Amino acid sequence: MEAESDPEPEKEPDLEPKTEEPAVEKGDEINYDIEIPEEVAAETEDAEEEIDENSVLDDDSAELLSIEEIVQKLRGLLVSDHPQRREVDEVKNQFYRSLRNETESQKAAFLESGGESIDFVVNESEIYAEGKELIRKIKEKRAVLLAREDAEKEKNVAKKMAIIDQVRHLAESQNQEDFNKTYQEFRSLQQQWNEIKLVPQTKVNELWKEYQRHVEKFYDLVRINNEFREYDFKKNLELKTELCEAAERLDEEPDMVSAFHQLQNLHQEWRDIGPVSRKDREDIWNRFKAASTLINKKYQAHFENLKGKEEENLAAKTALCEKLEAIDYSKLNSVRDWNNKIKEVLDIQKQWREIGYVPKKWNIKIYDRYRAACDFFFRNKNDFYKSMHGEMEENLKKKIALCERAEALKDSQDWKKTTQDMIFIQKEWKAIGIVPRKYVDSTWKRFISACDYFFEQKKLHASSQHDEESKNFDKKKEVVEKINKLDTSLSSEQALPLLRELMDEWYSIGHVPFKIKDRAYKEFYDATEAQFDRLNIDKTDRKLDSFKSNISDMVKSDNARRQLLRERERLMRQYERMKVELQTYENNIGFLSVSSKKGNNLVDDMNQKMKRIKSELELLVKKIAAIDEEL
């Protein structure tokens, strides 16, 4: 009767599928192979693979613990006798996810306070520093343990080979005189075999098959007591049936990686169970093999899918490296060029972090290529800004001078001129290059505050002025209504003073909105002309009144005196020119003969022109006098 084996001690997960080769019947052979592609077995060996902040992935299905809880788990792993790789990797992944979140949070706060992305440096707290140190120590401890295990595995090979030789000796000796003693020796060897767990992965199947061959030979060739024999076979069949059922239930396991590892544990248990009767061996093995094959195929499909995704990730990361390496630094000649390119590089870095794992053999190579391209970019950026230091200091002086000019003008109420000055100053500001980063915000706030203050005051003034001009328009409309309704029963002598009084009132009213200025004047002009026509007022007087209206508008303008003087000079030049023209006509008329009808007509025509010129000269004199009154 075969004793139940002790529970298997903890060890590194065994990712290579194990198969049993039961005893071969005389003349019969059973195929016990379960094929697993070599690349799957190679990729799933228990090798130490580095996980850090550059390779960790966000896993939305796993709740992120607090950094205190994560570090506490790391402390526990460090003091444990044998920290398991899977548990270590899970905690490391949690740690680096937390570190990435903390880094991004600090960076967001840095940017909100006005900092530039390129100047950000993470402030690592003590607890994160402790976490990194714990991870380093755990890695060192696992390296020591694995080295110790490798040495132990080699010793265990020799031990198992010795057990195989002893089982072979028992099977070949066929000592029938003291069978009970032989059987007890056999059971003791089985117990020793099961207690030896760690051997090199490459020798597991070879050792087990050799051992199993001699064990089955012992059962098949030695004529042992049927009671012992049948009891062992029956119990072993029950145990292997339970393993078949457990393997078949793995088909319902949603996590194929977990199912695969559970299957390996079942294979190990299968090895520890002795043989069954000849009639049951092939059936029970085929059942276990079928369940194992199904899980292995699903795992292979899962592995191939991951491998395909990793190839896609490698292509994506290679493309990002090529983008970084293709940057043409000869075209980055200004701060704007560099700022635009920095945004592109930061976006590339964000994309890199969002891409998953690449094939293991490429992980270090592609990251080194990416890191080298990034480092080269930021070294060039730093060199450019260092070369700009002297120029930036000069630019700072220029911008401070503009701030002082803007502050000196901000209280001015010469709205038109100061507006032009402010616009010119703003153009100068834009033309000046960058200043040292620590002065960017302060100088800009100082400058824009002065500009905003002036334009806000101008806006308030314009708003109140617009209200006043709208009221003026209403007043002028009332005057025009009075002119139109002037009492027609009054004589010219009575009506004309009233008309002129209303005209003076209209002129005395201030500006109206610019958009309706022409309309207001046309209404006034049409009303006065209608009254002048009714009262038979001379055209010259009308012209003089119209001129007075024009100079009244000039008087209200910003540069009234200059406009009035310019208009006076124009009228004086016109006056002198017309005086010369009149003198010419007076001189020429004395030479004309009036003896003929034609000569008489010519004299009459010249007299009419001279009369018109004299009338215009009188009007010019009155216009000049009106300007002199305003001056």
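Author: Buried means having under 20% relative accessible area, exposed means over 50%, and partly exposed lies in between (1.4 Å probe, protein chains only). The structure is a predicted model, in which local features need pLDDT of at least 70 and side-chain atom pairs count only at pLDDT 80 or more, whereas totals for chains, interfaces and linings use all residues. Residues are numbered from 1 along each chain as its sequence is written, and side-chain values use heavy atoms, with hydrogens and water left out.

Reader: Why does K92 count as buried?

Author: The relative accessibility of K92 is 8%. This value falls under the limit for buried residues, and K92 therefore counts as buried. K92 lies in helix α3, residues 85–112; a helix here is a DSSP run of H or I of at least four residues, a strand is a run of E of at least two, and both are numbered from the N terminus. K92 and K73 are 19 residues apart along the chain, and their C-alpha atoms are separated by 9.8 Å.

Reader: What makes G76 partly exposed?

Author: G76 has a relative accessible area of 36%. That value is neither under 20% nor over 50%, so G76 is partly exposed. G76 has its place in helix α2, residues 67–79. Between the C-alpha atoms of G76 and L134 there are 9.9 Å in space, although 58 residues separate the two in sequence.

Reader: How do you know that A158 is partly exposed?

Author: The relative accessible area of A158 is 47%, and because this lies between the two limits, A158 is partly exposed. A158 is part of helix α4. The C-alpha atoms of A158 and V199 are separated by 9.8 Å, with these positions 41 residues apart along the chain.

Reader: What makes α2 roughly parallel to α4?

Author: α2 and α4 (residues 126–173) pack at an angle of about 25°, with axes 9 Å apart. Axes are lines fitted to C-alpha atoms, for helices over the stretch in contact, and angles run from 0 to 180 degrees between N-to-C directions. Angles under 35 degrees count as roughly parallel, over 145 as roughly antiparallel, 65 to 115 as roughly perpendicular and the rest as oblique. The angle therefore makes α2 roughly parallel to α4. Their crossing is left-handed, a word used if the near helix is turned anticlockwise from the far one by less than a right angle, with clockwise giving right-handed.

Reader: Which residues of α2 and α4 make the contact?

Author: Contact means heavy atoms within 4.5 Å. In α2, the contact is made by I67, E68, V71, L74, R75, L77, L78 and V79, and in α4 by I127, Y128, E130, G131, L134, I135, K137, I138 and K141. These residues divide into 11 nonpolar, 1 polar and 5 charged (Ala, Val, Leu, Ile, Met, Phe, Trp, Tyr, Cys and Pro count as nonpolar, Asp, Glu, Lys and Arg as charged, and the others, Gly among them, as polar).

Reader: Why are α8 and α9 called roughly antiparallel?

Author: Helix α8 (residues 256–272) and helix α9 (residues 278–325) pack at about 150°, with their axes 9 Å apart. An angle of about 150° is over 145 degrees, and α8 and α9 are therefore roughly antiparallel to each other. The residues of their contact divide into 12 nonpolar, 4 polar and 1 charged. Their crossing is left-handed.

Reader: What makes α10 roughly antiparallel to α11?

Author: The axes of α10 and α11 cross at roughly 160° and come within 12 Å. This angle, too, is over 145 degrees, so α10 is roughly antiparallel to α11. The crossing of α10 with α11 is left-handed. The contact residues divide into 14 nonpolar, 3 polar and 3 charged.

Reader: What makes a set of residues a nonpolar core?

Author: The residues must be buried Ala, Val, Leu, Ile, Met, Phe, Trp, Tyr or Cys, joined through side-chain atoms within 4.5 Å. The largest such core here has 26 residues, and L324, I327, W338 and F377 have the most contacts inside it. At least two residues of this core come from each of α9, α10 (335–354) and α11 (360–387). The largest share, 8 residues, is supplied by α11. Another core, of 19 residues, lies apart from it and includes I163, V167, L170 and L189.

Reader: How many helices and strands does the chain have?

Author: The chain has 19 helices and 0 strands. Of its 631 residues, 38% are buried.
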